[in-house]
Amino acid sequence: MIKKYYESDADLSNLSGKKIAVIGYGSQGRGQALNLRDSGLDVIIGIRPGKSRVQAEEDGLEVYDVSEAAKTAQVVMILLPDETQADVYDAEIKPYLEENDCLMFSHGFNIHYGQIIPPENVDVVMVAPKGPGHMVRRVYEEGMGVPALIAIHQNASGNAKEISLAYAKGIGATRAVVLETTFREETETDLFGEQAVLCGGATSLIKAGFETLVAAGYAPEMAYLEVLHELKLIVDLIYEGGFTKMRDSISNTAQFGDLTRGPRVIGPETYAAMEDVLTEIQTGEFAKEWILENRVRRPVFNALTKADEEHLIEVVGAEIRGMMPQFQKKEECDEE
Ligand code: NDP
Ligand code: MG
Ligand code: MG
């Protein structure tokens with residue numbers, strides 16, 4: 001069974017006398033740093049000049065260039081975009097690491113795929129909240145916490161687990177639960193989840209349903225409402241009470257269609273494709289493709305993003321949401 005930790009398993013004093021540098025002040029950087037500060041820990045921000053830096057200053061935090069923050073701190077949490085971490089690490093963090101410092105991540109990509117190879121005399125750990133940064137912050141302010149994963153890659157100080165748990169407590173995660181995993185398991189399951197189900201699987205399923213209805217001559221507005229708008233209602237029910245609660249709420253007709261037609265839509269071909277997608281993650285093929293894509297300034301990423309932005313479902317969707325009062329100010333709320 002996976003190991004679980006709660007409030008009483010974590011002791012903030014494992015971070016007392018240590019300065020924590022949060023590198024990057026975006027979604028996770030802001031959420032984690034503000035929670036650490038409000039938990040009474042000694043946190044500073046390392047960030048380049050720009051929008052995030054202005055935000056950190058407005059939030060009243062101590063702000064430095066990345067190298068200055070890395071130099072001063074004993075705990076360095078890297079919360080930059082995954083694809084920029086290796087370059088910033090090499091130039092602005094690595095030169096300042098000292099024996100028994102603790103290097104932290106919220107996602108295992110760069111360590112697992114060998115893009116960052118830290119010296120052996122530092123701790124290397126992960127504390128990864130299972131939610132976007134604004135939620136990490138909001139839930140903490142409400143007195144609760146977003147669950148998190150921890151993992152230990154290197155334990156040079158002999159205290160890496162205690163430090164990770166203290167950090168998890170500082171961001172509020174032990175108020176919910178902290179699960180112990182490995183860099184490999186976190187990285188591979190995270191990539192698979194977002195590719196096959198959460199992001200890739202979901203958008204492709206929605207598009208396929210929309211295109212099928214429109215090609216058959218149904219109004220795009222009807223198709224949008226049916227396959228995209230209503231999806232949230234169904235997902236909310238599954239989130240609250242699993243398939244059982246969802247099926248208790250839908251009609252018997254819907255449930256019969258769900259049980260008999262769903263497995264035809266997601267059939268053997270999809271299982272085979274999911275296996276391939278997982279294999280590419282496990283072998284590092286996906287990581288290599290994404291790293292090289294960044295080296296050449298993202299031609300595939302940009303072209304595919306643009307094509308989907310121009311898809312009829314996006315055009316119709318923007319129009320319909322524009323007519324629905326509940327979307328008037330919600331649009332700016334970001335998720336992962
Ligand atoms: P964001 O894109 O929201 O923020 C990135 C931050 O890094 C910004 O403050 C940006 O500043 C700064 N930055 C970018 N490039 C540089 C640079 N060259 N030098 C200095 N600062 C730079 O990232 P996230 O918070 O989404 O992701 C951070 C980490 O957290 C990743 O490892 C991610 O996988 C992980 N994670 C993210 C989750 C999420 O829901 N977002 C959930 C769990 C983990 P600027 O404004 O100047 O661009
Ligand atoms: Mg991810
Ligand atoms: Mg219906």
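Modeller: Two residues are in contact if their C-beta atoms, placed from the backbone, lie within 7 Å. Keep in mind that this model is predicted.

Biologist: Which residues of helix 16 meet Pro220, Glu221, Tyr224 and Leu228 in helix 10?

Modeller: Helix 10 covers residues 220–229, and helix 16 covers residues 312–322. The four residues you name form the helix 10 side of the contact. On the helix 16 side sit Leu312, Ile313, Val316, Gly317 and Ile320.

Biologist: How many residues of each class, nonpolar, polar and charged, does the contact of helix 10 with helix 16 have?

Modeller: Glycine counts as polar and tyrosine as nonpolar. Glu221 and Gly317 both take part in this contact. By class, the tally is 7 nonpolar, 1 polar and 1 charged.

Biologist: At roughly what angle do the axes of helix 10 and helix 16 cross?

Modeller: The two axes come within 10 Å. They cross at roughly 90°. Angles of 65 to 115 degrees count as roughly perpendicular, so helix 10 is roughly perpendicular to helix 16. The crossing angle, again, is roughly 90°.

Biologist: Are the buried residues of helix 10 on the same side or on opposite sides?

Modeller: Ala223, Tyr224 and Leu228 are the residues in question; they are buried in helix 10. They cover an arc of only 100° around the axis. That arc is why they lie on the same side.

Biologist: Which helices do the buried residues of helix 10 pack against?

Modeller: Start with the residues, which are Ala223, Tyr224 and Leu228. Their packing partners are helix 9 (200–215), helix 11 (231–249) and helix 16.

Biologist: Now the ligand. Which elements give two or more residues to the shell around ligand 1?

Modeller: Ligand 1 is surrounded by 25 residues. Gly24, Gly26, Gly50, Ser52 and His107 are the closest. The elements that give two or more residues are helix 1 (27–38), helix 2 (51–58), helix 4 (82–93) and strand 7 (123–129).

Biologist: How many residues of the shell around ligand 1 are charged?

Modeller: The shell divides by class. Its nonpolar share is 10 and its polar share is 11. The charged residues number 4.

Biologist: Is Val136 buried or exposed?

Modeller: Val136 lies in helix 6 (residues 133–141). Beyond its neighbours within four places in sequence, Val136 contacts Gly31, Gln32, Asn35, Pro129, Gly131, Val146 and Ile171. It has 25 other C-beta atoms within 10 Å, and the cut-off is 20 or more. Val136 is therefore buried.

Biologist: What distance separates the C-alpha atoms of Val136 and Ser27?

Modeller: Along the chain, Val136 and Ser27 are 109 residues apart. In space, their C-alpha atoms are separated by 9.2 Å.

Biologist: What distance separates the C-alpha atoms of Asp9 and Thr174?

Modeller: Asp9 sits in the loop between strand 1 (4–5) and strand 2 (19–23). Leaving aside neighbours within four places in sequence, Asp9 is in contact with Leu165 and Thr174. Asp9 and Thr174 are 165 residues apart along the chain. Their C-alpha atoms are separated by 8.3 Å.

Biologist: How far apart in space are Thr260 and Ala216, C-alpha to C-alpha?

Modeller: Thr260 lies in helix 12 (residues 252–265). It counts as exposed because it has 9 C-beta neighbours inside 10 Å. Thr260 and Ala216 are 44 residues apart in sequence. In space they are separated by 22 Å.

Biologist: Which residues does Glu280 touch, not counting residues up to four places away in sequence?

Modeller: Glu280 belongs to helix 13 (residues 268–283). With 17 C-beta neighbours inside 10 Å, it counts as partly exposed. The residues it touches are Glu285 and Phe286.

Biologist: What is phi of Arg297 near?

Modeller: Arg297 is found in the loop between helix 14 (285–295) and helix 15 (299–309). It counts as exposed, with 8 C-beta neighbours inside 10 Å. Its phi is positive, in a residue other than glycine. The value is near 65°.

Biologist: What is phi of Arg298 near?

Modeller: Arg298 also lies in the loop between helix 14 and helix 15. It is partly exposed, with 14 other C-beta atoms within 10 Å. Its phi is positive, again in a residue other than glycine. The value is near 60°.

Conventions
Residues are numbered from 1 along each chain as its sequence is written. Chains are lettered from A and ligands numbered from 1 in the order in which they are written. This is a predicted model: local features need pLDDT of at least 70, side-chain atom pairs count only at pLDDT 80 or more; totals for chains, interfaces and linings use all residues. Axes are lines fitted to C-alpha atoms, for helices over the stretch in contact, and angles run from 0 to 180 degrees between N-to-C directions. Angles under 35 degrees count as roughly parallel, over 145 as roughly antiparallel, 65 to 115 as roughly perpendicular and the rest as oblique. A residue is near a molecule or strand if its C-beta atom, placed from the backbone, lies within 6 Å of it. A residue is buried if 20 or more other C-beta atoms lie within 10 Å of its own, exposed if 12 or fewer, and partly exposed in between; C-beta atoms are placed from the backbone. The arc is that of the directions from the helix axis to the C-beta atoms.
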